[in-house]
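User: I would like to understand how the terms used for a protein model are justified. Could you take me through them step by step?

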Amino acid sequence: PAAAESRHASPAAPRRLREKLRTAARMAGPPARTAPSSRQQVQGSESRAQPASGAPPARDTRAPFRFDYERFRRSLRHPVRGRRPGEDPETRARRMKIKEMMKFAWDNYKQYALGKNELRPLTKNGHIGNMFGGLRGATVIDALDTLYIMELEEEFQEAKQWVEKSFDLNVNGEASLFEVNIRYIGGLLATYYLTGEEVFKNKALELGKKLLPAFNTPTGIPRGVINLGRQGTCPQQHFLYGMSWSWGWASAGSSILAEFGTLHLEFLHLSELSGNPVFAEKASNPQPGLQVLNRVEKPQGLYPNFLSPVTGSWVQHHVSIGGLGDSFYEYLIKSWLMSDKKDSEAKKMYDDALEAIEKHLVKKSAGGLTYIAEWRGGILDHKMGHLACFSGGMIALGAEHAPEERRQRHRELAAEITSTCHESYTRSDTKLGPEAFRFDAGSEAMATRLSERYYILRPEVVESYMYLWRLTHDPKYRHWGWEVVQALEKHCRVEAGFSGIRDVYTTTPTHDNMQQSFFLAETLKYLYLLFCEDDVLSLEDWVFNTEAHPLPINHTDFKA
Ligand code: DMJ
């Protein structure tokens, strides 16, 4: 993930977007993907900059901005849910099994925890937690697009009704900018693009505005925590504003690479749908912080995980393609793909970062397993987190677009990393992988610490299987995905939903009593797609945000 960065380094694409949006706002004529339509009134136009002089504002004669949803749908190259040509019965049966798992997960959430953030499947109640600043229904929002794609129509209507009637944005509490963005904004945007239902777009835009104050820092790099409640009005921009903080646990008030770098995809779409460039501008960080990431020296070309939003310098030299760093890299390559391959600066940043990772972090174990180590001030930590296993899919996706001399090497690297992550699953008693596994002290792809033996229904390994399947059609990826389905059924399915487990190395694991919302957004969606034809949410039309919410590729030219 890395949105803000790609904008520091990549003023060209956002500039094109801003031009397009301004033109659209002036309505000199319908822009490429926007045109008047009777049913598409956009929210957000009311919050464009107003004169701050105190004089009464001139009458606004501009026609309201409208996003032409029908035109957008016609621009897709494949039907969203695919064409369903003849397929072998086993693949279909497996897909149907995964659909049944989704229904089971949803039904139990609905029965015992609707409106809470997650289901506690053992105690049969709901969990709220403290990541979403008073927002509720994380599982509803995360599940919406998966329910839609799986054609669970009744369940989708139940989720939609909850959004219409009960999803309250007037909340007061400290939220993670990153989590709210990837789960709520991403989920709402994706569901709008899939269905054309205005409620999802309107909620996304309303919530998006509440996140903007997090960017009010000397560099424009946002802080990690935002209060969605305490708000006033900022006269210059006529926007609501709140207060923001850095995480208490992050070194010296720093912002986290994978957090401020994982906004760009969603924020570009907020601007695309509203006609208001402010979202793209904020996530592009064009203000005083422009070029921060380009300017700051990167140790051996690597990006450390902690950056000061005040000074724009690194606070600590910990580099990881897993937690704290992961989705920064993911959003670089996906920014380029989502821009229809126009955001060349994002692509260059991705290429350079991957080259540094290959050179300094990619290692081979004594037993021949390829892994990506972490780096702490120049010292390698021979460990891979479960989170880092998304990188097989990311590298495979990037490899398709790499120059000839790198393409094959990156394809092999992606396959090897994915195979190592598969090993971390097969070497456990449950056939599910631990939170982190190591390659030291004679250990190979296994957790060596008690505190790293748990599995919380994470998606990253099946995410890579899905990409590798789509890009290679090697049947082993479907086979590996089916192993995961069986292990989930055996060890994580309980009477009232799915639960994480505390130790993957025992066949009688204790459950953690939590059905994570990303299990419905990601794990089950990627498993389902693994057993679909390639035209279901085709990679030619969509990029998945880091929570597996599909956002459309902008096939049209940004130049108005
Ligand atoms: C998800 O919320 C996202 O994939 C995020 O990028 C990382 N972690 C979780 C799932 O493991």
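Analyst: Helices (H or I, at least four residues) and strands (E, at least two) are DSSP runs, numbered from the N terminus; Glu179 has its place in helix 7. The model is a predicted one, in which local features need pLDDT of at least 70 and side-chain atom pairs count only at pLDDT 80 or more, while totals for chains, interfaces and linings use all residues. Residues are numbered from 1 along each chain as its sequence is written, and side-chain values use heavy atoms, with hydrogens and water left out.

User: What makes a residue one of those around the ligand, and which helix supplies the largest share of the shell?

Analyst: A residue is near a molecule if one of its heavy atoms lies within 4 Å of it, and the residues around the ligand include Phe178, Ile182, Arg183 and Leu387. Helix 7 (177-195) and helix 19 (517-530) each supply at least two residues of this shell, and the largest share, three residues, comes from helix 7.

User: Why is the pair formed by Arg458 and the ligand called a polar contact?

Analyst: A polar contact is a pair of N or O atoms within 3.5 Å, and a polar side-chain atom of Arg458 lies 2.7 Å from an oxygen atom of the ligand, so the pair qualifies. By the same limit, Glu522 qualifies, because one of its polar side-chain atoms lies 2.9 Å from a ligand oxygen atom. For Thr546, a backbone N or O atom lies 2.7 Å from an oxygen atom of the ligand.

User: How do you know how much of the ligand the protein buries?

Analyst: Accessible areas come from the Shrake-Rupley method with a 1.4 Å probe; taken alone the ligand exposes 290 Å², and the protein buries 92% of that.

Definitions and conventions
A polar contact is a pair of N or O atoms within 3.5 Å; within protein, one must be able to donate a hydrogen and the other to accept it, and residues adjacent in sequence count only if both atoms are side-chain atoms.
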